[in-house]
Amino acid sequence: GFSEYSLRLWPLLAGLGATILLFRFARRELTPLASLFAVGFFVVSSYAIRHSVEVKPYAIDAFVSLVLLTVAWPLWQANEVSWRRLWCLAPLAGLAVLVSYPSIFVVGGVGLVTLPVVLRSRQWNAWAAYAAFGAAVLAAFAPWYATPADVGGGQEDLGAHLPPGGLQGRARVGDDHEVPPGLGLGHAGVQ
């Protein structure tokens with residue numbers, strides 16, 4: 001529907017999904033005690049809880065990162081290439097970049113970790129899948145990279161985005177930083 005709850009549904013589902021993925025990953029890769037601690041710290045973390053109920057994409061970022069980790073980890077761990085898994089990873093990485101901005105860092109890490117495995121293999125399917133992985137990431141990231149250069153029109157348009165009357169009447173923080181009143185910087189130690 002058209003309510004705030006419909007906007008909060010996606011981060012909530014992503015937070016729950018991230019918890020399930022972390023549980024499955026930790027149970028498979030860690031000792032039982034380490035798995036308990038990893039998942040336990042995640043589920044009681046104030047950030048994981050808070051971001052799962054906010055209308056912000058942070059829980060989705062965690063979910064996407066765990067999906068990428070879950071798919072890519074066996075490639076690194078087996079130390080041999082699975083071209084089917086690489087072909088699965090290519091569209092997934094492109095979609096991840098479109099859905100989650102920070103996932104570009106996870107995708108970059110996945111690409112760097114899987115590169116030696118692909119280079120050691122002599123399979124053309126693996127090389128083609130890795131090229132598709134790179135092309136998907138590039139195709140998904142290129143519009144995000146190119147867009148900021150065209151937005152805003154430069155410094156001369158900055159005045160159009162300021163509140164009426166400019167920055168007069170703003171709370172002072174330090175000597176050269178101005179903050180709108182009521183911004184709520186209490187968490188940063190600013191009164």
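Here are some questions and answers on the predicted model shown above.

The model is predicted, so local features need pLDDT of at least 70 and side-chain atom pairs count only at pLDDT 80 or more, while totals for chains, interfaces and linings use all residues. Residues are numbered from 1 along each chain as its sequence is written, and side-chain values use heavy atoms, with hydrogens and water left out.

Q: What pattern does the protein follow along the sequence?
A: Helices (H or I, at least four residues) and strands (E, at least two) are taken as DSSP runs, numbered from the N terminus. There are seven helices and two strands. Going along the sequence, that reads α-α-α-α-α-α-α-β-β.

Q: What percentage of the residues count as buried?
A: Buried here means under 20% relative accessible area, exposed means over 50%, and partly exposed is in between (1.4 Å probe, protein chains only). The protein has 191 residues, and the buried share is 27%.

Q: How much of the exposed area do carbon and sulfur atoms supply?
A: Areas come from the Shrake-Rupley method with a 1.4 Å probe, and for residues only the protein chains shown count as cover. The protein exposes about 12900 Å², and the carbon and sulfur part of that is 69%.

Q: Which residues touch the most other members of the largest nonpolar core?
A: A nonpolar core is a set of buried Ala, Val, Leu, Ile, Met, Phe, Trp, Tyr and Cys residues joined through side-chain atoms within 4.5 Å. The largest one has 23 residues, and H4 (58–78), H5 (83–99), H6 (103–120) and H7 (124–146) each supply at least two of them. Apart from it lies another core of seven residues, including Leu21 and Val39. In the largest core, the residues asked for are Leu86, Leu89, Val107, Phe133 and Val137.

Q: Which residues does phenylalanine 133 touch, not counting residues up to four places away in sequence?
A: Contact means heavy atoms within 4.5 Å. Phenylalanine 133 is one of the core residues that touch the most other members. With that sequence exclusion, its partners are Leu89, Ala90, Ala93, Val107, Val110 and Gly111.

Q: How far apart are the C-alpha atoms of tryptophan 87 and phenylalanine 133?
A: Tryptophan 87 is in helix H5 and is partly exposed, at 37% relative accessible area. Leaving out residues up to four places away in sequence, tryptophan 87 touches Asn125, Ala128, Ala129 and Ala132. Tryptophan 87 and phenylalanine 133 are 46 residues apart along the chain, and their C-alpha separation is 7.4 Å.

Q: What distance separates the end C-alpha atoms of H4?
A: The expected span of a helix is 1.5 Å times one less than its number of residues. H4 has 21 residues, so it should span 30 Å; the end-to-end distance agrees with that, at 31 Å.

Q: Where in H4 does the kink lie?
A: The bend at a residue is the angle between axes fitted to the seven residues ending there and the seven starting there. In H4 there's a kink of about 35 degrees shortly before proline 74. The kinked spot is one of the buried residues of H4, namely alanine 72.

Q: Which helices do the buried residues of H4 pack against?
A: The buried residues of H4 include Val64, Leu68 and Leu75. Their packing partners are H1 (4–29), H3 (46–53), H5 and H6.

Q: Why is the pair of phenylalanine 25 and tryptophan 73 classed as it is, and what is the class?
A: Rings of Phe, Tyr and Trp (its six-membered ring) pair if their centres lie within 6.5 Å; planes under 30 degrees apart are stacked, over 60 edge-to-face and the rest tilted. This pair links phenylalanine 25 in helix H1 to tryptophan 73 in helix H4, 48 residues apart; phenylalanine 25 is buried at 12%, whereas tryptophan 73 is partly exposed at 25%. The ring centres are 5.4 Å apart and the planes stand at 85 degrees, so the class is edge-to-face.

Q: Is serine 35 buried or exposed?
A: Serine 35 sits in helix H2. Not counting residues up to four places away in sequence, serine 35 touches Phe23, Ala26, Arg27 and Leu30. Its relative accessibility is 7%, so serine 35 counts as buried.
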